[in-house]
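Biologist: Please take a close look at the ligand site. Then work outward from there, residue by residue where it helps.

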Amino acid sequence: MSSNKKIEFSPESLALVQKMIKRYPEGKQKSAVIPILHLAQAEFDGWLSVPVMDYVASLLKIQPIEVYEVASFYSMFNLKPVGKCLIEVCHTSSCWLLGAEDIVAHIGKKLGIKPGQTTPDGMFTLKTVECLGSCGTAPMLQCGAKYHENLTLEKVDNLLDEMKKENKRKTYLDKV
Amino acid sequence: MPKKLLLTHDHVAGINTYDVYRQMGGYASVEKALKSMTPDAVTEEVKKSGLRGRGGAGFPTGMKWSFLAKPPGVPRYLVCNADESEPGTFKDRYLMERIPHLLIEGMITSSYALGARTSYIYIRGEYFYVSRILEKAIEEAYANGWLGQNILGTDYSLDLYVQVGAGAYICGEETALLESLEGKRGNPRIKPPFPAVAGLWGCPTVVNNVETIAAVVPIVNGGGEEYAKIGVGKSTGTKLISASGHINKPGVYEIELGVPVEEFIFSDQYCGGIRGGKKMKAVVAGGSSVPILPTELILKTAKGEPRLMTYESLSDGGFQTGTMLGSGGFIVMDETTSIVKNLWNFTRFYHHESCGQCSPCREGTGWMEKILHKILAGHGTIEDIDLLWDIQSKIEGKTICPLGEAAAWPVAAAIRHFRAEFEEYVKNPKSIKDVKHYYRLNNLEVPAGLPDIEEKAEVH
Ligand SMILES: Cc1cc2nc3c(=O)[nH]c(=O)nc-3n(C[C@H](O)[C@H](O)[C@H](O)COP(=O)(O)O)c2cc1C
Ligand code: SF4
Ligand code: FES
């Protein structure tokens, strides 16, 4: 996002924000902060910059600090830019038992990055995450809204190749 | 055939849609409750059923409901806990994804019993796509008159919303969940007051697990007494078990409580035995927080009786020789598994997920992770094993929420039952698998002097 671009939700998102606020009693609109941060992250390049968080605070009529403290608590909110495809590989017990480490190592080798890093072309960020509730179909990874399960090294190769070809930002809000 | 009450139609095509769900008898419990029962009569059936909370603690649901304060003029809330983040647990996701209307139906019937006019389903953020499935089901329920104003022409009205989280295991703890639902950091609250008195926005609130709420549907339909006929003793009804690890058939199984553990692991109806013809080494029976047990003790109690899948049988022998049913996250490990490394994995998880409010939990989980890390790196000493024991014993009972205990118990159990393996790692570091591999993976400098062990893969 270029720095002089105005931060404002699309009309559809703004309508959604109004709808979300109505889910709670009068005066409790702060409850909508997490859903709205999700919306903001998806709409503003996959991460939450300070100006974006300030914008969310203004929409909810709360203090910016109330947004920062929430955004920094939850692991799905990115406070730094990430690649178009954030590859989140589960490395907790059940996935580890069935080879999650090999999956992480393989992706790292293929993309030339380590967990926590982004490829120079801005396409991929690799991240290890804790149990995603998919232990029966281990090993697995999440990218955007989608769970990729029962992974093999071959499946991972195909997946990364497809993503690269598609060249599209994945978000948790994608319809899958 | 064992009886199923929740996953009766999970393989029927289109069961995720309203029309098919309704054709299969869906929403009958709402009709029955709203048209022929008082709210208290619904609670009474739940009490009779003996249903216990399926989120992990196993607290009797009917009793929890009867504790709900009912001051006049103050709203009451029902909040469904769909945070499901306990490692090894994935049953709620299966249920919501396959049969979303079962949860919606349970929410309506339960909300009626509690007198809630607005209810929320709090679902972990990673399940965003599942939240869309639930939202669609809710839309269909509104369109067909099961939600909204004057449901079925009665004077009962209910609004139901889905709220997504954003990645935090601690938000599964009920008071942290309520904080999160109020738009705050997920820091657990000091209790009392309990949510039944002061919960969401300070109002009386019941928090129940997805499976608990779904179970209310068959209880109301068939009656609490019928439900209580299934199972053994105080473990009534059916339970969803998430089976994972080194087994032939991982997945979600609905069992009648009381199935022998041995049958559950080895019969083809359930887990289908250990992969690749290997031997079983250990089982974590109820999600990462419960004590790990070696093969001898998971199959039979210390008294030599076959262990059953019930709350009582799994905890027989206390923490010395028993474990817990917990959330039903059943992780099976074969003979090749490093118990020390698995423990490090769990401990890293708890350290990562500690909210940081209490020093014993925040610092203790970190220390334990570091010590296990040191042992795995081949630098451990016998004193380190004792230090681990000491730290875990100083977390238990000294924290605001039970995450502290959840982090301490696995450490205690692993040392209690597998001390020999820890000592072997200390005395003979060459027996440790994958050491450098581990360092490289985690982006750490490989310390000098590590045993030279062949690596499976390498990150450059
Ligand atoms: C650290 C921690 C995590 C928890 N995670 C969950 C969870 O993901 N899902 C759940 O239903 N209960 C979880 N619980 C238990 C809840 O606090 C609460 O007891 C439960 O939702 C009550 O519902 P039930 O009586 O229907 O089981 C957790 C508890 C703790 C201490
Ligand atoms: S025990 Fe741990 S997770 Fe629970 S409130 Fe204390 S610091 Fe937070
Ligand atoms: S351990 Fe990986 S999804 Fe549960």
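Modeller: Start with Glu174(B). One of its backbone N or O atoms lies 3.0 Å from an oxygen atom of ligand 1. Keep in mind that this is a predicted model. Arg54(B) makes a backbone approach as well: a backbone N or O atom of Arg54(B) is 3.3 Å from a ligand 1 oxygen. Gly172(B) pairs with a nitrogen instead. A polar backbone atom of Gly172(B) and a nitrogen atom of ligand 1 are 3.2 Å apart. How much of ligand 1 does the protein cover? On its own, ligand 1 has 610 Å² of accessible area, and the protein covers 89% of that. The site is the largest pocket.

Now the shell. Ligand 1 has 18 residues around it. Those that come nearest are Gly55(B), Asn81(B), Asn208(B), Asn209(B) and Thr212(B). Which element gives the most to this shell? Strand S4 of chain B, residues 205–209, does so with three residues. Asn208(B) and Asn209(B) fall within that strand's range. Asn81(B) belongs to another strand, S1 (77–82) of chain B.

Follow S1 onward. Asp83(B) is in the loop that runs from S1 to helix H5 (91–98) of chain B. Is Asp83(B) buried or exposed? Buried: its relative accessibility is 3%, and the limit is under 20%. Its contacts lead back to the site. Asp83(B) touches Gly172(B), the residue whose backbone is paired with the nitrogen of ligand 1. Asp83(B) also touches Tyr122(B), Arg124(B), Ala168(B), Tyr169(B) and Cys171(B). The fold brings in Gly165(B) too. Asp83(B) and Gly165(B) are 82 residues apart along the chain, yet 7.7 Å separates their C-alpha atoms.

Next, Gln163(B). This residue sits in strand S3 (159–164) of chain B. Gln163(B) counts as buried because its relative accessible area is 1%. Tyr122(B) is a contact that Gln163(B) shares with Asp83(B). On the chain B side, Gln163(B) further touches Ile121(B), Ile123(B) and Leu181(B). Across in chain A, Gln163(B) touches Tyr24(A), Ser31(A) and Pro35(A). Ser31(A) offers a polar partner: its backbone oxygen is 3.0 Å from a polar atom of the Gln163(B) side chain.

That takes us into chain A. Pro35(A) falls in the range of helix H2 (33–43). H2 is part of what covers the buried residues of helix H3 in chain A. Helices H1 (11–21) and H4 (64–71) contribute to that cover. H3 spans residues 50–60. Its buried residues are Val52(A), Met53(A), Tyr55(A), Val56(A), Ala57(A) and Leu60(A). In an α-helix, residues three or four places apart point the same way, because a turn takes 3.6 residues. After H3 comes Lys61(A), with a positive phi near 55°.

Last, chain A as a whole. Chain A has seven helices and four strands, in the order α-α-α-α-β-α-α-β-β-β-α. Of its 176 residues, 55% are buried. Among contacts between residues at least 6 apart in sequence, 65% join residues at least 24 apart.

Technical notes. Residues are numbered from 1 along each chain as its sequence is written. Chains are lettered from A and ligands numbered from 1 in the order in which they are written. This is a predicted model: local features need pLDDT of at least 70, side-chain atom pairs count only at pLDDT 80 or more; totals for chains, interfaces and linings use all residues. Side-chain values use heavy atoms; hydrogens and water are left out. Buried means under 20% relative accessible area, exposed over 50%, partly exposed in between (1.4 Å probe, protein chains only). Helices (H or I, at least four residues) and strands (E, at least two) are DSSP runs, numbered from the N terminus. Contact means heavy atoms within 4.5 Å. A residue is near a molecule or strand if one of its heavy atoms lies within 4 Å of it. A polar contact is a pair of N or O atoms within 3.5 Å; within protein, one must be able to donate a hydrogen and the other to accept it, and residues adjacent in sequence count only if both atoms are side-chain atoms. Accessible areas come from the Shrake-Rupley method with a 1.4 Å probe; for residues, only the protein chains shown count as cover. On a 1 Å grid over the protein atoms alone, a cavity is a set of points where a 1.4 Å probe fits but cannot get out, and a pocket is an open set with protein on both sides within 12 Å along at least five of seven lines; lining residues have an atom within 4 Å of a point. A molecule sits in a cavity or pocket if more than half of its atoms lie within 2 Å of its grid points.
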